[in-house]
Amino acid sequence: MSKTDYDLVLAQAEAITSGEPDLIANLSNISALVYDHLADVNWVGFYLTRAPETLVLGPFQGKVACLRIAFGQGVCGAAAATRTTQLVHDVHEFSGHIACDSASNAEVVVPLIVEQRVVGVFDLDSPTVSRFTQHDADGLSKLGRFIESLNWSQLLEAENV
Ligand code: SME
């Protein structure tokens with residue numbers, strides 16, 4: 001499988017969000033863009049911090065998923081609690097992994113931090129063990145930095161994040 005060109009994905013993410021202030025609309029299209037662009041993924045989307053220390057399901061592409069994940073729980077919760085990107089080659093070896101779709105075997109989760117607050121996470125799953133490499137984790141983290149630059153004001157004002 002060829003390496004994903006994350007500079008291209010980033011340029012496309014910038015293009016499709018340009019001029020649109022609505023966060024949910026932008027996150028929806030970014031999940032569709034990444035799901036379309038990356039080979040061998042079965043879930044791409046967001047969990048948003050919409051209750052204290054709690055991630056709630058946000059815009060995504062893929063099968064029905066878990067609704068709420070506490071900080072510290074599973075791979076997503078680990079990303080939120082540690083504020084570091086999680087690159088997991090085999091989720092079955094990750095203590096506390098939450099199996100939303102039994103087809104998922106590998107995962108990358110990027111924490112999203114705005115004004116020092118963890119506003120959510122960007123989660124990608126693959127059915128293939130070791131599908132994601134450091135190249136993917138780095139590229140997706142860079143995309144995460146762009147996602148952090150979107151308009152989070154409504155969520156920050158409305159929620160007890
Ligand atoms: N597997 C994740 C839960 C979210 S789903 O993959 C969409 C986890 O352990 O955090």
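This is a short dialogue on reading the ligand site and the disulfide in a predicted model.

User: What should I know before I start?

Analyst: The model is predicted, so local features need pLDDT of at least 70, side-chain atom pairs count only at pLDDT 80 or more, and totals for chains, interfaces and linings use all residues. Residues are numbered from 1 along each chain as its sequence is written, and side-chain values use heavy atoms, with hydrogens and water left out.

User: Which residues surround the ligand?

Analyst: A residue is near a molecule if one of its heavy atoms lies within 4 Å of it. Here the ligand is surrounded by Trp 43, Tyr 47, Ile 69, Gly 74, Val 75, Cys 76, His 97, Ile 98, Cys 100, Glu 107, Asp 123 and Asp 125. Seven of the shell residues are nonpolar, two polar and three charged. In that scheme Ala, Val, Leu, Ile, Met, Phe, Trp, Tyr, Cys and Pro are nonpolar, Asp, Glu, Lys and Arg charged, and the others, Gly among them, polar.

User: Which element gives the most to the shell?

Analyst: Helices (H or I, at least four residues) and strands (E, at least two) are DSSP runs, numbered from the N terminus. Helix 3 gives the most, with three residues.

User: Where are the polar contacts to the ligand?

Analyst: A polar contact is a pair of N or O atoms within 3.5 Å. A backbone N or O atom of Cys 76 lies 2.8 Å from a ligand oxygen. For Val 75, a backbone N or O atom is 3.0 Å from a ligand oxygen. Glu 107 places a polar side-chain atom 3.1 Å from a ligand nitrogen.

User: How many disulfides are there?

Analyst: A disulfide is a pair of cysteine sulfur atoms within 2.5 Å. The count is one. Cys 66 is joined to Cys 100, S to S 2.2 Å. Cys 66 is in the loop between strand 2 (54-62) and strand 3 (68-70), and Cys 100 in the loop between strand 4 (86-88) and strand 5 (106-114). They are 34 residues apart.

User: What is the handedness of the link?

Analyst: Left-handed, with -120° about the S-S bond.

Definitions and conventions:
Polar contact = N/O pair within 3.5 Å; in protein donor to acceptor, adjacent residues only side chain to side chain.
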